[in-house]
Amino acid sequence: MTDLGEMTFFLGLEVHQTSHGTFICQEKYANEVLKKFGMKNYSSVNTPLAQNEKLSKENDSEKIDSGIYRSVIGYLLYLPASRLDIMFVTSLLSRFMHNPSQRHFKAAKRVLRYVKGTSNLGIWFKAGQEVKLIGYTDSDWGDLVDKMKSTSGFMFSIGSGAVS
């Protein structure tokens, strides 16, 4: 075994440790993703999904090459390791990987624009914080346009940082 000192980078996660706590983010990875898909010079947006956006399998939008769409979604699926704010929209967009349309791709690019403006966000675990497990849940009854099924979600935190 070799002692490499304090961890600063692990599997795309940046780890910043101080006496006040530990901050985990993916800023470098997010910037690499933006560069890969040519989104570095786009303006940022305040939300990852447009308000009242209803995405479905069947729409009148032109179909696109599924390879590029799958690539974007694949990269986005790794970001929620430290960015739970994009988990819902990324999961939603992954439902359309087999037959994406221009409308789905536009929504995926909006997520990238959101990430551009928030690339420095992450999870902060404060030192000395009470280690207490807290959970939240929410659901959207019958909102899936294609099947009229419900979507539910949850978030658990330990101390000051979300873990699931």
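This is a dialogue about reading a sheet, a buried charged residue and a helix in a predicted model.

Colleague: In which order do the strands of the open sheet lie, and which of them are the edge strands?

Modeller: To read a sheet, one follows the pairing from strand to strand. Here the open sheet has four strands in the order β1-β2-β3-β4, and their pairing is antiparallel. The edge strands, each of which pairs on one side only, are β1 (9-10) and β4 (122-126). Between β1 and strand β2, which spans residues 13-18, the antiparallel pairing runs over two bridges, and Phe9 stands opposite Glu14 in β2.

Colleague: Is Glu14 buried or exposed, and how far away is the nearest side chain of opposite charge?

Modeller: For a charged residue, one looks at its burial and then at its partners, bearing in mind that a salt bridge needs the two charged groups within 4 Å. Glu14 is buried but has no salt bridge, since the nearest side chain of opposite charge, that of Lys28, is 7.4 Å away.

Colleague: Which backbone nitrogens lie by polar atoms of the Glu14 side chain?

Modeller: The backbone nitrogen of Glu27 lies 3.0 Å from a polar atom of that side chain, and the backbone nitrogen of Lys28 lies 2.6 Å from one. Beyond its neighbours within four places in sequence, Glu14 is in contact with several residues, including Thr8, Phe23 and Tyr29.

Colleague: Which residues of helix α3 are buried, and why are they on the same side?

Modeller: An α-helix has 3.6 residues a turn, so residues three or four places apart point the same way. In α3 (residues 87-94) the buried residues are Val89, Thr90, Leu92 and Leu93. They are on the same side of α3 because they cover an arc of only 160° around the axis. These buried residues of α3 pack against α2 (66-78) and α4 (102-117).

Conventions: Residues numbered from 1 in each chain as written. Predicted model: local features only at pLDDT ≥ 70, side-chain atom pairs only at ≥ 80, totals over all residues. Heavy atoms only, no water. Pairing = 2+ DSSP bridges. Buried < 20%, exposed > 50% of the residue type's maximum accessible area, 1.4 Å probe, protein only. Lys, Arg positive; Asp, Glu negative; His and termini not counted. Polar contact = N/O pair within 3.5 Å; in protein donor to acceptor, adjacent residues only side chain to side chain. Contact = heavy atoms within 4.5 Å. Arc of directions from axis to C-beta.
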